[in-house]
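Me: I would like to go through this structure by question and answer. Where should we start?

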Amino acid sequence: MAAFLDYAAEFIFILCGFISFNAAYRALENENAKVGTTLFWSILGVIFMFGKVLPYEVCGILLLVMGGLTMTHQVQVGTFAPVDQKARQQYSEKIGNKIFIPAVLVAVVALILSRVKLGELALPGAVMVGTGCILALFTAMFICRPNFQDTRHDTARLLMQVGSASLLPQLLGALGQVFTKAGVGDVISTMMAGILPEGSIFFGVVVYCLAMVIFTMIMGNAFAAFSVITVGIGIPFVIAQGGDASVVGALGMTCGYCGTLLTPMAANFNIVPTAVLETKDKWTIIKAQAPMALLLILIHIILMLTLAF
Amino acid sequence: MDYIKLIGIVIIVAGFVMKFDVLATVLIAGFVTGLVSGLSFMEILRIMGESFVNNRLMSIFLVIFPVIAIIERYGLKERSAYLIGKIKNASAAKVLALYMIIRSIASAANIRIGGHVEFVRPLILPMSEAAAEKAKGEPLNEKQRDTLKGMTASIENYGNFFAQNLFPAASGVLLIQGALAEAGYGEVTISSVAAASIPVAIIVLCLSFVQVWLKDKKLRRREE
């Protein structure tokens with residue numbers, strides 16, 4: 001049964017590979033960086049489809065090629081025909097609220113399947129999400145009767161727009177693994193052990209939460225902060241003292257989001273919108289968010305102390 | 001002490017701060033850290049390749065794209081805008097509180113309703129401005145207008161950030177689960193992380209109601 005579930009998960013990853021290949025194929029029509037963009041999404045497709053059968057060293061080399069391509073700006077969004085607003089409006093009036101069904105279905109199916117067990121085994125995450133998506137896709141096709149070409153182009157556009165940055169979590173996961181093998185966590189732990197009173201859950205939690213906030217503020221990205229701070233502080237000083245790992249991890253991440261609310265480094269959320277909304281002061285959004293963020297940091301510390309222990 | 005091992009963190013921080021290409025930054029940080037810590041080039045390739053393949057779940061959202069492609073083309077955003085526009089006699093606080101609820105639900109279901117460009121500027125801000133001016137009986141001055149803009153944009157961020165991890169396949173949840181599982185905490189599942197994200201989501205929802213109510217009250221005062 002375990003083998004079957006692994007195959008089912010691989011099947012979903014193969015579908016992801018097809019979606020990446022679809023973007024690669026569409027990139028052949030790119031005006032800018034045709035070769036690089038096609039290559040980038042093809043490589044990602046290969047890793048998704050054949051990751052389990054290729055030697056890991058080969059995947060490592062492929063990652064380096066991908067990094068080289070993005071660093072030299074060889075991965076670009078293609079040009080797509082502008083969307084016909086009038087047609088959308090007409091479809092929207094015709095289809096009405098049914099348009100929400102596929103969207104809700106993805107989440108609901110994933111939620112239901114997360115409760116299902118086959119014998120002793122929980123379903124792999126890929127199967128939960130993938131099944132929901134396949135059902136939602138058929139439902140959407142039934143409700144909207146879309147043109148296949150349109151869907152193919154729109155799918156490629158979505159992937160190209162989120163672009164290489166969407167691979168950040170996965171790559172940070174890999175970085176975290178190198179850090180672990182290299183013993184980076186140990187170095188931070190030893191450093192912190194000199195500062196933190198030994199065995200103090202309270203100080204461990206406070207330092208972990210504040211470090212998440214500060215590192216997120218510096219980097220402008222809670223994901224990057226999480227990979228570093230959780231290995232260095234969260235695991236040795238909070239989880240290892242008996243904290244529930246899921247609760248500490250979840251709260252650590254959202255505590256990082258409080259840092260996102262406070263920093264101009266998270267330009268997409270805090271600075272670019274001031275231009276979009278034409279405010280006089282470019283700190284307007286951060287000023288509005290600051291009292292909330294500070295209060296939430298305090299709440300995170302309290303929640304972690306009470307819920308995780 | 002092997003402080004040199006921390007060079008990867010320095011590279012990451014510097015790369016992000018200087019807006020260097022993120023993929024390249026992370027790869028360089030990994031390879032430099034590995035090499036100064038005595039791992040061989042091949043070992044680093046294997047560790048990164050293996051971890052990237054085992055963490056493919058973090059990029060599972062690719063499989064959601066065709067569904068989003070269809071429903072967006074067939075008017076998902078237009079329909080949402082229509083539903084929000086139907087609210088009558090709203091105060092600024094009510095408009096923002098309602099948007100917070102919708103934004104949070106959408107974010108928790110991983111539906112892409114929202115965005116400063118797509119939703120706040122064309123829809124939510126004009127509605128909250130109109131409601132605030134109606135309640136006040138006179139146009140807002142520039143400073144008040146800025147305050148309202150800041151508040152509206154904040155709501156977009158609160159709803160986006162703190163509800164997204166309720167979705168078990170959100171990239172944040174997958175990163176938490178992946179990182180902790182690799183560190184040896186195999187009992188952490190995407191469902192347990194999503195469940196642990198519920199209290200904060202609810203607290204932020206309630207606090208945002210308080211904040212918009214206070215701001216609305218302040219805006220109604222005649223003189224600032």
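Reply: Start with a cut-off: a residue counts as buried if 20 or more other C-beta atoms lie within 10 Å of its own, as exposed if 12 or fewer do, and as partly exposed in between. Note also that this is a predicted model.

Me: By that cut-off, is Lys19(B) buried or exposed?
Reply: Lys19(B) lies in the loop between helix 1 (7-17) and helix 2 (22-36) of chain B. It has 11 C-beta neighbours inside 10 Å, and the limit for this class is 12 or fewer. Lys19(B) therefore counts as exposed.

Me: What is the phi of Lys19(B)?
Reply: Most residues other than glycine have a negative phi. Lys19(B) is not a glycine, yet its phi is positive, at about 60 degrees.

Me: Which loop of chain A holds Glu278(A), a residue that is not a glycine but has a positive phi?
Reply: The phi of Glu278(A) is about 55 degrees. Glu278(A) is exposed, with 11 other C-beta atoms within 10 Å. Its place is the loop between helix 14 (272-276) and helix 15 (284-307) of chain A.

Me: How many helices and strands does chain B have?
Reply: From the N terminus on, the elements of chain B run α-α-α-α-α-α-α-α-α-α-α. The count is eleven helices and zero strands.

Me: What is the radius of gyration of chain B, set against a compact globule of 224 residues?
Reply: The C-alpha trace of chain B spans about 70 × 40 × 30 Å along its principal axes. For a compact globule of 224 residues the radius would be near 17 Å, whereas chain B has 23 Å.

Me: What share of the residues in chain B is buried?
Reply: Among contacts in chain B with a separation of 6 or more, 71% join residues 24 or more positions apart. Of the 224 residues in chain B, the buried share is 58%.

Me: How far apart are the C-alpha centres of the two domains of chain B, domain 1 and domain 2?
Reply: Domain 1 of chain B covers 3-54, and domain 2 covers 61-173 + 182-220. The distance between their C-alpha centres is 35 Å.

Me: Why does the largest nonpolar core lie between these domains of chain B?
Reply: This core has 175 residues, and those touching the most other members are Met212(A), Val63(B), Val67(B), Leu96(B) and Ala169(B). Its largest share, twelve residues, comes from helix 11 (residues 222-238) of chain A. The core lies between the domains because both give residues to it: domain 1 (3-54) and domain 2 (61-173 + 182-220).

Me: Which residues does Val67(B) contact, leaving aside its neighbours within four places in sequence?
Reply: Val67(B) is among the core residues that touch the most other members. With those sequence neighbours left aside, its contacts are Pro102(A), Val106(A), Cys133(A), Ala136(A), Leu137(A) and Ala140(A).

Me: Which helix of chain A gives the largest share of the side that touches chain B?
Reply: In all, 122 residues of chain A are in contact with 105 residues of chain B. By class, the chain A side has 79 nonpolar, 34 polar and nine charged residues. The largest share of that side, 15 residues, comes from helix 8 (residues 168-182).

Me: How far apart are the end C-alpha atoms of residues 57-76 of chain B?
Reply: An unreviewed UniProt entry places the feature "transmembrane region" at residues 7-37, 57-76 and 193-214 of chain B. Residues 7-37 are 84% helix and 0% strand, with end C-alpha atoms 10 Å apart. Residues 57-76 are 50% helix and 0% strand, and their end C-alpha atoms are separated by 27 Å.

Conventions
Residues are numbered from 1 along each chain as its sequence is written. Chains are lettered from A and ligands numbered from 1 in the order in which they are written. This is a predicted model: local features need pLDDT of at least 70, side-chain atom pairs count only at pLDDT 80 or more; totals for chains, interfaces and linings use all residues. Helices (H or I, at least four residues) and strands (E, at least two) are DSSP runs, numbered from the N terminus. The radius of gyration is taken over C-alpha atoms; the globule rule is 2.2 Å times the number of residues to the power 0.38. Two residues are in contact if their C-beta atoms, placed from the backbone, lie within 7 Å. Ala, Val, Leu, Ile, Met, Phe, Trp, Tyr, Cys and Pro count as nonpolar, Asp, Glu, Lys and Arg as charged, and the others, Gly among them, as polar. A nonpolar core is a set of buried Ala, Val, Leu, Ile, Met, Phe, Trp, Tyr and Cys residues joined through C-beta atoms within 7 Å. Domain bounds come from an automatic or database domain assignment. UniProt positions are given in the numbering used here, feature names are shortened, and annotations may be inferred rather than shown by experiment.
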